[in-house]
Amino acid sequence: MQLKLLNKPAVKTIHTEYGDIIDCVDFYKQPAFDHPLLKNHTFHYGMKPSTPFHVGARDQDSSNFTKPVSIGLKGGGCPIGTVPIRRITKEDLIRERLSSRTMSSDDNTPGAHYAVARTRSGSNKFLGAGAQEISLHNPHASGSQYSAAKIKIQNGPDSIEVGWRVDPSLYGDSQTRLFIRLDAGQSHCFNTRCPGFIIVRSDIPLDWAFHRISQPFGDIFFITAYIVKVKCFYLLRIFPILFVLSFFFLSQ
């Protein structure tokens, strides 16, 4: 039953070189619009919500050593009016249930290592956060190990994060993949398995496996990520790509 809710009828199907099956789903039939809060939505295909942040020169230019990575499905992606969603299997759901229970950015499990930059707690209010350059890598991970680089905003126990992840226990492979994660109330999930995340691009799916990875003594490839609150929702953006809108409210 859950697979039928997640895997919507496809207008077109795309097979990637990494074995993923991408379904091109009608924009208005994507899983997000099954959420009760979005039943009477006024969103439309091709919408580009304005953002309160400024895109500086560094978002457009790169040095001789760092290069913004370009991503997208071959052939221009899905037809106009549809959005790409990676087809979910029964095995994907089983792996995610295990990951949702055992993986946390605040995990204190022996052997877990973190490098973190965070804002100080206080009376200041933040409407979002961003990471100018998140370099792409493919560290070795096996078994229940995973490695990730991400930007995260948190309010109490609730949080939204976006970045890349190498996670064999979640994806069943060792590719460096684009991901978003939500922890809010009873919801603890990744990517389009989280209701309320609206996809607004036709050529780049969540769970995307990056083709170009930084190499030692070679080019450094990176993505730029922002999470910004705009009115009643959160905008998650990977420059220069507008990705998803989240209608989950973090605790006040």
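**A small cavity, a buried arginine and an open sheet**

The largest cavity encloses about 40 Å³ of space. The model is predicted. It holds 1 cavity of 30 Å³ or more. Rolling a probe the size of a water molecule over the atoms is how such empty space is revealed.

Which residues line the largest cavity? They are Thr16, Tyr18, Asp20, Trp208, Ala209 and His211. By class, the lining comprises 3 nonpolar, 2 polar and 1 charged residues.

Three of these lining residues, Asp20, Trp208 and Ala209, are also among the contacts of Arg177. Turn to that arginine next. Arg177 belongs to strand β8, which covers residues 177-184. Is Arg177 buried or exposed? Its relative accessible area is 0%. Buried means under 20%, so Arg177 counts as buried. Beyond its neighbours within four places in sequence, Arg177 touches Asp20, Arg86, Gly163, Trp164, Arg165, Tyr171, Asp207, Trp208, Ala209 and Phe210.

One of those contacts, Arg86, leads to a sheet, since strand β4 spans 82-86. The sheet is open and has 3 strands, in the order β1-β2-β4. Their pairing is antiparallel. Strands of a sheet pair through backbone hydrogen bonds. β1 (12-15) and β4 stand at the edges. Each has a single partner strand, so one side of each lacks a neighbour in the sheet. From one strand to the next, the twist averages 30 degrees.

Look last at β1 and β2. Strand β2 runs over residues 21-26 and pairs with β1 in the antiparallel sense, over 4 bridges. Within this pairing, Ile14 has Ile22 of β2 as its bridge partner.

Notes. Residues numbered from 1 in each chain as written. Predicted model: local features only at pLDDT ≥ 70, side-chain atom pairs only at ≥ 80, totals over all residues. Heavy atoms only, no water. Helix = DSSP H or I, 4+ residues; strand = E, 2+ residues; numbered from the N terminus. Buried < 20%, exposed > 50% of the residue type's maximum accessible area, 1.4 Å probe, protein only. Contact = heavy atoms within 4.5 Å. 1 Å grid on protein atoms, 1.4 Å probe; cavity = no way out; pocket = protein on both sides within 12 Å on 5 of 7 lines; lining within 4 Å. Points joined across faces, edges and corners; volume = space filled by probe spheres on them. Nonpolar A, V, L, I, M, F, W, Y, C, P; charged D, E, K, R; others polar. Pairing = 2+ DSSP bridges. Axes fitted to C-alpha atoms, helices over the stretch in contact; angles between N-to-C directions.
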